[in-house]
Amino acid sequence: MEQTEFLALIDRHQGIIHKVCRLYRDTREDQEDLFQEIVYQLWRSLPSFVGTAKFTTWMYRIALNTAMATHRKNKPQLVSGDSLPERADEDGDAERQHREEKMFAALKQLDDPEKALIALYLDDLSYREIAELTGLTENHVGVKLNRIKTKVKKILNIN
């Protein structure tokens, strides 16, 4: 895959990276640092992408692994780069953004594996795709997602 093709794919699917960054980092600056680290890791891992899975599935795997690995460290290693693209989901709808912020605040209270599962679920991956990414069985994915949804409803005070 050529560099321009890679960058086009990153640009097209940057929402996945932004979502992972928002789940695992609190401040905008830390989210930008993680965004850069994920893109760097994607570029480094590109030779391992053989195309048997969807690009977005592979991208999720790298992004979540990078986020969880750097989350355990005190500070992520920074990679210098050009300015980051704006978040793809900023469209000016204040009510929607408020609901999203509230949801992300609730999701940040989950542990790392729970965050990964719910991020994949919220991005409409099937139980089968989530199972392939995480190494869990489809049934276990369903059980864990039900528990996570119950936990999030409790955090949000939804019956």
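Asp124 sits in the loop between H6 and H7. Its phi is near 65°, a positive value in a residue other than glycine. With 70% relative accessibility, Asp124 counts as exposed, because the cut-off for exposed is over 50%. The model is predicted, and the protein averages a pLDDT of 83. The points below cover the overall make-up, confidence, helix H8, the contacts of two leucines and the aromatic pairs.

**Overall make-up**

- The secondary structure of the protein consists of 8 helices and 0 strands.
- Along the sequence the pattern reads α-α-α-α-α-α-α-α.
- The protein has 159 residues, and 42% of them are buried.
- Of the contacts between residues at least 6 apart in sequence, 66% join residues at least 24 apart.
- The accessible surface is about 9,600 Å², and carbon and sulfur atoms account for 48% of that surface.

**Confidence**

- A pLDDT of at least 70 is reached by 86% of the residues.
- Among the elements of the protein, H8 has the highest mean pLDDT, at 93, and H5 has the lowest, at 83.
- Over residues 74–81 the pLDDT is below 50, and this stretch has 9 contacts in the model beyond near neighbours in sequence.
- Where pLDDT is low, predicted coordinates should not be read in detail.

**Helix H8**

- Helix H8 covers residues 138–155, which makes 18 residues.
- At 1.5 Å a residue, H8 should span 26 Å, the span being 1.5 Å times one less than the number of residues. The end C-alpha atoms of H8 are 25 Å apart, which agrees with that expectation.
- The buried residues of H8 are Val141, Gly142, Leu145, Ile148 and Val152. These residues cover an arc of only 130° around the axis, so they lie on the same side of H8.
- An α-helix has 3.6 residues a turn, so residues three or four places apart point the same way.
- The cover over the buried residues of H8 includes helix H5 (94–107), helix H6 (112–122) and helix H7 (127–134).
- On the face of H8 turned away from its buried side are the exposed residues Asn139, Arg147, Thr150 and Lys154.
- Asn139, in helix H8, has a relative accessible area of 67% and is therefore exposed, the cut-off being over 50%. The C-alpha atoms of Asn139 and Arg128 are separated by 9.2 Å, and the two residues are 11 residues apart along the chain.
- Asn157, just after H8, takes a positive phi of about 60°.

**Leu120 and Leu64**

- Leu120 belongs to helix H6, and its relative accessibility of 1% counts as buried.
- Outside its neighbours within four places in sequence, Leu120 is in contact with Tyr60, Leu64, Leu125, Ile130, Leu133 and Thr134.
- Leu64 belongs to helix H4 and also counts as buried, at 6% relative accessibility.
- Leaving out residues up to four places away in sequence, Leu64 touches Val20, Tyr24, Ala116 and Leu120.
- Leu120 and Leu64 are 56 residues apart along the chain, and their C-alpha atoms are separated by 9.6 Å.
- Leu64 and Val20 are 44 residues apart along the chain, and their C-alpha atoms are separated by 6.7 Å.

**Aromatic pairs**

- The whole structure contains 4 aromatic pairs. One of them is formed by Phe55 and Trp58 and is tilted, at 5.4 Å centre to centre with 45° between the planes.
- Both Phe55 and Trp58 lie in helix H4 (residues 55–72), 3 residues apart, which is about one turn of the helix.
- Phe55 has a relative accessible area of 10% and is buried. Trp58 is buried as well, with a relative accessible area of 6%. Both values fall in the buried class because the cut-off is under 20%.
- Ring pairs also bring in Phe49, linking Phe49, Phe55 and Trp58 into a cluster.

Conventions
Residues numbered from 1 in each chain as written. Predicted model: local features only at pLDDT ≥ 70, side-chain atom pairs only at ≥ 80, totals over all residues. Heavy atoms only, no water. Helix = DSSP H or I, 4+ residues; strand = E, 2+ residues; numbered from the N terminus. Buried < 20%, exposed > 50% of the residue type's maximum accessible area, 1.4 Å probe, protein only. Arc of directions from axis to C-beta. Contact = heavy atoms within 4.5 Å. pLDDT = per-residue confidence, 0-100. Areas by Shrake-Rupley, 256 points an atom, 1.4 Å probe, with all protein chains shown as cover. Phe/Tyr/Trp six-rings, centres within 6.5 Å; stacked < 30°, edge-to-face > 60°.
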